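Visitor: I have just opened this structure and would like to go through its side chains with someone. Could you show me the sequence and the structure before we start?

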Amino acid sequence: MKAFVFPGQGAQFVGMGKDLYDNNPLAKELFEKANDILGYRITDIMFEGTDEQLTQTKVTQPAVFLHSVISALCLGDDFQPSMVAGHSLGEFSALVAAGAISFEDGLRLVYARAMAMQKACEAAPSTMAAIVGLPDDKIEEICAEVNKDGYVVVPANYNCPGQLVISGNIEAINEACEKMKAAGAKRALPLKVGGAFHSPLMQPAKDELQAAIENTTFAEPKCPVYQNVDGKPYTEPSAIKANLIAQLTSGVRWTSCVQNMIADGADDFTECGPGKALQGMIGRIDKNVAAHGIV
């Protein structure tokens, strides 16, 4: 069974999507529609901008979304998923590709999400860190030790066995990283991100995004969407909405998403969008399934 997966923030690169724009009339039409919706030419930044411009959250999220969704839609009849999932931001891409949200509404929601997260980042100096080589339960235990007395640090992205990203206040992240290293982590590396995504510090963004999601029409997707909050499949629009709202302040259960998709029959994963990060994670979750980009 074929599964299609969609990456999140961090997969972006200058030049992304230019081949699609230049060589596919549908891609060009959708990119130009996105420029009109956003009110500025995001394609100029994607194709020819600087890394600094592209890594602004308000640019990165719609850029990765556009590349991912347009890549899938341009497959035409070759896009026949039995199931879909997206990592963090990628969940919006998955929902649009599966027909649960329109392209236009998906882009508006992603832009609203990006702007709300940017504001939340500016309100509370915070960051994330990648922890490699420690069991999940040990990371959870250390986070619980540090997560007190005004400190916030929580497990955020369960990417694959042996790789978990934590999220919180800068001071709390630094303290947790030292404890992780002392506990035997191979790496405990703060990431170059604007804030503590998928943590309680995103509550203001969640409140803002909730209204936008509740006012958007969702349809039943053409296949199950495995959502980040618990890794389980959903097709009912109200449940999908609730999970999408919860996602901003809860962990990304990517390992569970992939394991559940495999348990339900997925044996071929196609990553739609920039980069190969999800292919690498899937390979570490289960070496017996195929994981590749669009071919």
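**Charges, cysteines and the core**

Visitor: What is the relative accessible area of Arg108, and which class does it fall into?

Guide: Buried is used for under 20% relative accessible area and exposed for over 50%, with partly exposed in between (1.4 Å probe, protein chains only). Arg108 comes out at 44%, so it counts as partly exposed.

Visitor: Before I go on, what kind of model am I looking at?

Guide: Residues are numbered from 1 along each chain as its sequence is written, and side-chain values use heavy atoms, with hydrogens and water left out. Local features need pLDDT of at least 70, side-chain atom pairs count only at pLDDT 80 or more, and totals for chains, interfaces and linings use all residues, because this is a predicted model.

Visitor: Which residue does Arg108 meet in a salt bridge?

Guide: Side chains of opposite charge can pair when their charged atoms come close. A salt bridge here is a side-chain nitrogen of Lys or Arg within 4 Å of a carboxyl oxygen of Asp or Glu. Arg108 and its partner both lie in helix H7, three residues apart, about one turn of the helix. At 3.4 Å from N to O, the partner is Asp105.

Visitor: How many salt bridges does the structure hold?

Guide: Besides the pair within helix H7, there is one between Lys33 and Glu104, at 3.0 Å from N to O. That pair links distant parts of the chain, with Lys33 in helix H2 (residues 25-38) and Glu104 in helix H7 (residues 103-123), 71 residues apart. Helices (H or I, at least four residues) and strands (E, at least two) are DSSP runs, numbered from the N terminus. The full count of salt bridges is nine.

Visitor: How far apart in sequence are the parts tied together by Glu208 and Lys119?

Guide: Glu208 forms a salt bridge with Lys119, and their closest N and O atoms are 3.2 Å apart. Glu208 sits in helix H10 (residues 203-214) and Lys119 in helix H7, so the parts they tie together are apart in sequence by 89 residues.

Visitor: What is the relative accessible area of Lys119?

Guide: Its partner Glu208 is partly exposed, at 37%. Lys119 is partly exposed too, and its relative accessible area is 47%.

Visitor: Which residues are joined into one network by salt bridges that share partners?

Guide: Here the salt bridges share partners. The network joins Glu32, Arg41 and Asp44.

Visitor: How many disulfides does the structure hold?

Guide: A disulfide is a pair of cysteine sulfur atoms within 2.5 Å. The sulfur of Cys121 is 17 Å from the closest cysteine sulfur, in Cys177, which is too far for a bond. Cys160 is also in no disulfide, as the nearest cysteine sulfur, that of Cys257, is 13 Å away. The number of disulfides is zero.

Visitor: Is Cys160 buried or exposed?

Guide: Cys121 has 10% relative accessibility and therefore counts as buried. Cys160 has 2% relative accessibility, so it counts as buried.

Visitor: What is the phi of His198?

Guide: Most residues other than glycine have a negative phi. His198, found in the loop between strand S6 (187-190) and H10, is buried at 2% relative accessible area. Although His198 is not a glycine, its phi is positive, at about 60 degrees.

Visitor: In which loop does Ser88 lie?

Guide: Ser88 is another residue other than glycine with a positive phi, near 60 degrees. At 11% relative accessibility Ser88 counts as buried. Its loop runs between strand S2 (83-86) and helix H6 (90-97).

Visitor: Which residues have the most contacts inside the largest nonpolar core?

Guide: A nonpolar core is a set of buried Ala, Val, Leu, Ile, Met, Phe, Trp, Tyr and Cys residues joined through side-chain atoms within 4.5 Å. The largest one has 59 residues. Those with the most contacts inside it are Phe6, Phe65, Leu66 and Phe103.

Visitor: Which residues does Ser68 touch, not counting residues up to four places away in sequence?

Guide: Ser68 lies in helix H5 (residues 57-73) and is buried, with a relative accessible area of 0%. Contact means heavy atoms within 4.5 Å. Not counting residues up to four places away in sequence, Ser68 touches Phe6, Pro7, Ser93, Cys272, Gly273 and Pro274.
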